[in-house]
Amino acid sequence: MNKKLILAGIVVAAGFITLTAFGGKTREQQTQEIAAAVQARLDEFAAQKDEECTIKVNEEAQVRHQAYLATLQAEAAKPGSKTTKKKAGTGTKVAPLPQKVPTDPQKTRSGAAQPGDVEQQKKREGAAPTTTPAPAEQKKRPGAAGGGK
């Protein structure tokens, strides 16, 4: 009798596992459902953290604003301090800086050839020779543009 109960329990457990494991949904559908659930939870978590961050920033801004107002009141309360407000449009005039002609650093470096200094340009190492041999008369090929037969 015990063997029959044990055997029946095993059959029931195997049937339960089989039915739940292969319960009509494919693996692809299950992974899509899991991905959607995870994404929804991540979005919810991100929104929660964003809200917490906004609250903290607003609180810190209030604290700094109150501190700034307190320093202004303390400064105004000092005896002998002058607090004057500037009128709109009245400011100190600043003289413009003298304009300098921009210089090219390549032309001011030592050893650079200055424009108009032809002799220095000729003496420069690596410069092209001033006398170039005249090219020999080139033979024109027949059918070339500009002349020929």
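Student: Is Glu-52 buried, partly exposed or exposed in this model?
Tutor: Keep in mind that the model is predicted. Glu-52 has a relative accessible area of 34%. Buried means under 20% and exposed means over 50%, so Glu-52 counts as partly exposed.

Student: Which residue forms a salt bridge with Glu-52, and how far apart are the closest N and O atoms?
Tutor: Look along helix H2, where Glu-52 has a partner 3 residues away, about one turn of the helix. That partner is partly exposed too, at 41% relative accessibility. The cut-off for a salt bridge is 4 Å between N and O, and here the closest atoms satisfy it: the partner is Lys-49, at 3.4 Å.

Student: And Arg-64, is that one buried or exposed?
Tutor: Arg-64 sits in helix H2, as does Glu-60, 4 residues apart from it. The relative accessibility of Arg-64 is 60%. Exposed starts over 50%, so Arg-64 counts as exposed.

Student: What is the distance between the closest N and O atoms of Arg-64 and Glu-60?
Tutor: Side chains of opposite charge can pair when their charged atoms come close. Glu-60 is partly exposed at 40% relative accessibility. Arg-64 forms a salt bridge with Glu-60, and the closest N and O atoms are apart by 3.1 Å.

Student: Which residue does Glu-44 meet in a salt bridge?
Tutor: Glu-44 lies in helix H2, which covers residues 27–77, and its partner lies there as well, 3 residues apart. The N to O distance is 3.2 Å. With 47% relative accessibility the partner is partly exposed, and its name is Arg-41.

Definitions and conventions
Residues are numbered from 1 along each chain as its sequence is written. This is a predicted model: local features need pLDDT of at least 70, side-chain atom pairs count only at pLDDT 80 or more; totals for chains, interfaces and linings use all residues. Side-chain values use heavy atoms; hydrogens and water are left out. A salt bridge is a side-chain nitrogen of Lys or Arg within 4 Å of a carboxyl oxygen of Asp or Glu. Helices (H or I, at least four residues) and strands (E, at least two) are DSSP runs, numbered from the N terminus. Buried means under 20% relative accessible area, exposed over 50%, partly exposed in between (1.4 Å probe, protein chains only).
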